[in-house]
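Please open the structure in your viewer and keep the selection panel at hand. The tour below goes from stop to stop, saying at each one what to select and what is to be found there.

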Amino acid sequence: MTDVISRRALLGGFAATGTLLAACGRLDEKSPFHQLLDVADGFTLHAQRLILSSRPLVRELPVSEISKTFPTNGTTMPKADYYKRMLDTDFRDWKLRVHGLVDRPLALTLAQLQSLPSRTQITLHQCDEGWSAIGQWTGVQLSRVLALSGLGRGARYVVFHCLDKIDLDGAYYYESLDLLDALHPQTILAYGMNGKPLPVANGAPLRLRIELQIGYKNAKYVDRIEVVDSLNSIGKGRGGWWEDFDHAVWYAGQ
Ligand SMILES: Nc1nc2c(c(=O)[nH]1)N[C@H]1C(S)=C(S)[C@@H](COP(=O)(O)O)O[C@H]1N2
Ligand SMILES: [Mo]
């Protein structure tokens with residue numbers, strides 16, 4: 001009996017929680033199933049952890065595979081005067097803001113971001129315009145920054161507001177991820193590329209690397225991170241500049 005319940009509960013996952021609860025009424029206190037009930041109690045948190053821990057990492061490549069030249073795409077130099085001023089002072093006055101549905105809004109300098117534990121990864125970047133290249137990225141995991149800010153009640157998406165406007169319509173570039181991709185270990189805010197400070201053409205001072213998805217999701221020139229419960233009120237509501245203006249898909253998993 002115990003064995004049957006256990007297998008059914010595990011196979012059926014959390015959908016079987018109701019069955020499990022009914023069955024467990026007949027089991028004694030020391031039953032190992034109480035551990036599963038604890039999981040069911042904290043459903044959201046634990047389910048998220050279980051799903052996250054089973055999400056595979058994308059392939060990381062050896063140094064020898066780094067592309068000799070890494071193409072650029074879209075903006076290569078934001079036009080705003082204040083971007084140029086910040087560039088002149090090595091972004092010393094720039095701060096990454098983290099706001100919205102967070103417990104503690106943040107404003108972090110580049111030096112502060114660089115003082116957090118870093119991650120370096122060599123990965124394949126694929127642009128849907130038909131090119132790919134391999135680069136090495138160094139930065140801080142987005143999950144670490146979000147752990148500092150905390151996530152408020154109802155938080156579902158993380159929006160990246162960028163410093164560049166796209167010529168076509170004059171709107172600022174932006175992108176967004178759901179929490180699952182935002183908290184993935186290879187999702188980083190990169191300030192370094194191929195062992196050097198992130199070049200302007202590739203998004204200085206800070207860019208998103210979301211290795212699970214293709215090119216345009218990897219927002220460059222990230223200035224502000226907003227945590228929201230819905231994407232409706234951001235831009236035209238489709239979750240990103242390309243999504244809003246060129247019918248690109250919001251989930252662009254590789
Ligand atoms: N802010 C901003 N982010 C952006 C873009 C852009 O024009 N502006 N282009 C996107 C596209 S389509 C791609 S393929 C990658 C290119 O990054 P790279 O210029 O470092 O190669 O950045 C993405 N992020
Ligand atoms: Mo792209």
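**Stop one: a histidine in a strand**

Begin by selecting His161, whose place is in strand S5, and bear in mind throughout that the model is a predicted one. His161 counts as buried because its relative accessibility is 13%, and the cut-off for that class is under 20%. Now add Glu226 to the selection and display both side chains, since a polar contact of 2.7 Å joins the side chains of His161 and Glu226.

**Stop two: ligand 1 and its shell**

Which residues are the closest to ligand 1? Select ligand 1 together with its surroundings, and 22 residues will make up the shell, the closest being Pro71, Asp164, Asn202, Arg207 and Lys220. Of these, Asp164 deserves to be shown with its side chain, where an N or O atom is 2.7 Å from a nitrogen atom of ligand 1. Taken alone, ligand 1 exposes 530 Å², and the protein buries 99% of that area. The ligand sits in the largest pocket, and the elements that give two or more residues to the shell around it are strand S3, residues 119-127, and strand S5, residues 157-165.

Next, turn on the backbone atoms of Asn73 and Thr75. A polar backbone atom of Asn73 is 2.9 Å from an oxygen atom of ligand 1, and a polar backbone atom of Thr75 is likewise 2.9 Å from an oxygen atom of the ligand. If you colour the shell around ligand 1 by class, you will find eleven nonpolar, eight polar and three charged residues.

**Stop three: pairs far apart in sequence**

Select Ala133, which lies in strand S4, residues 131-141, and which counts as buried because its relative accessibility is 3%. Add Ile66 and place a distance label between the two C-alpha atoms: Ala133 and Ile66 are 67 residues apart in sequence and 7.9 Å apart in space.

From there, move to Pro62, found in the loop between helix H4, residues 43-53, and helix H5, residues 81-88. Is Pro62 buried, exposed or partly exposed? With a relative accessibility of 45%, Pro62 counts as partly exposed. The C-alpha atom of Pro62 is separated by 9.9 Å from that of Ile134, although the two residues are 72 positions apart along the chain.

For another such pair, select Pro197, placed in strand S8, which is exposed, as its relative accessible area is 68%. Its partner here is Trp137, which is 60 residues away in sequence and 9.8 Å away in space, again from C-alpha to C-alpha.

**Stop four: backbone geometry**

Most residues other than glycine have a negative phi, and most peptide bonds are trans. The selections at this stop can be read against that background.

Select Ala204 and Pro205 and inspect the bond between them: the peptide bond from Ala204 to Pro205 is cis, with omega near 10 degrees. Pro205 has its place in the loop between strand S8, residues 196-197, and strand S9, residues 207-209.

Then select Asn194, in the loop between strand S7, residues 188-193, and strand S8. Phi of Asn194 is near 50 degrees, a positive value in a residue other than glycine, and the residue is partly exposed, with a relative accessible area of 30%.

Where is His247 found? Look in the segment after helix H9, residues 241-246, and check the phi of His247, which is near 60 degrees and thus a positive value in a residue other than glycine. His247 counts as exposed because its relative accessibility is 67%, and the cut-off for that class is over 50%.

Note on methods: Residues are numbered from 1 along each chain as its sequence is written. Chains are lettered from A and ligands numbered from 1 in the order in which they are written. This is a predicted model: local features need pLDDT of at least 70, side-chain atom pairs count only at pLDDT 80 or more; totals for chains, interfaces and linings use all residues. Side-chain values use heavy atoms; hydrogens and water are left out. A residue is near a molecule or strand if one of its heavy atoms lies within 4 Å of it. A polar contact is a pair of N or O atoms within 3.5 Å; within protein, one must be able to donate a hydrogen and the other to accept it, and residues adjacent in sequence count only if both atoms are side-chain atoms. Accessible areas come from the Shrake-Rupley method with a 1.4 Å probe; for residues, only the protein chains shown count as cover. On a 1 Å grid over the protein atoms alone, a cavity is a set of points where a 1.4 Å probe fits but cannot get out, and a pocket is an open set with protein on both sides within 12 Å along at least five of seven lines; lining residues have an atom within 4 Å of a point. A molecule sits in a cavity or pocket if more than half of its atoms lie within 2 Å of its grid points. Helices (H or I, at least four residues) and strands (E, at least two) are DSSP runs, numbered from the N terminus. Ala, Val, Leu, Ile, Met, Phe, Trp, Tyr, Cys and Pro count as nonpolar, Asp, Glu, Lys and Arg as charged, and the others, Gly among them, as polar. Buried means under 20% relative accessible area, exposed over 50%, partly exposed in between (1.4 Å probe, protein chains only).
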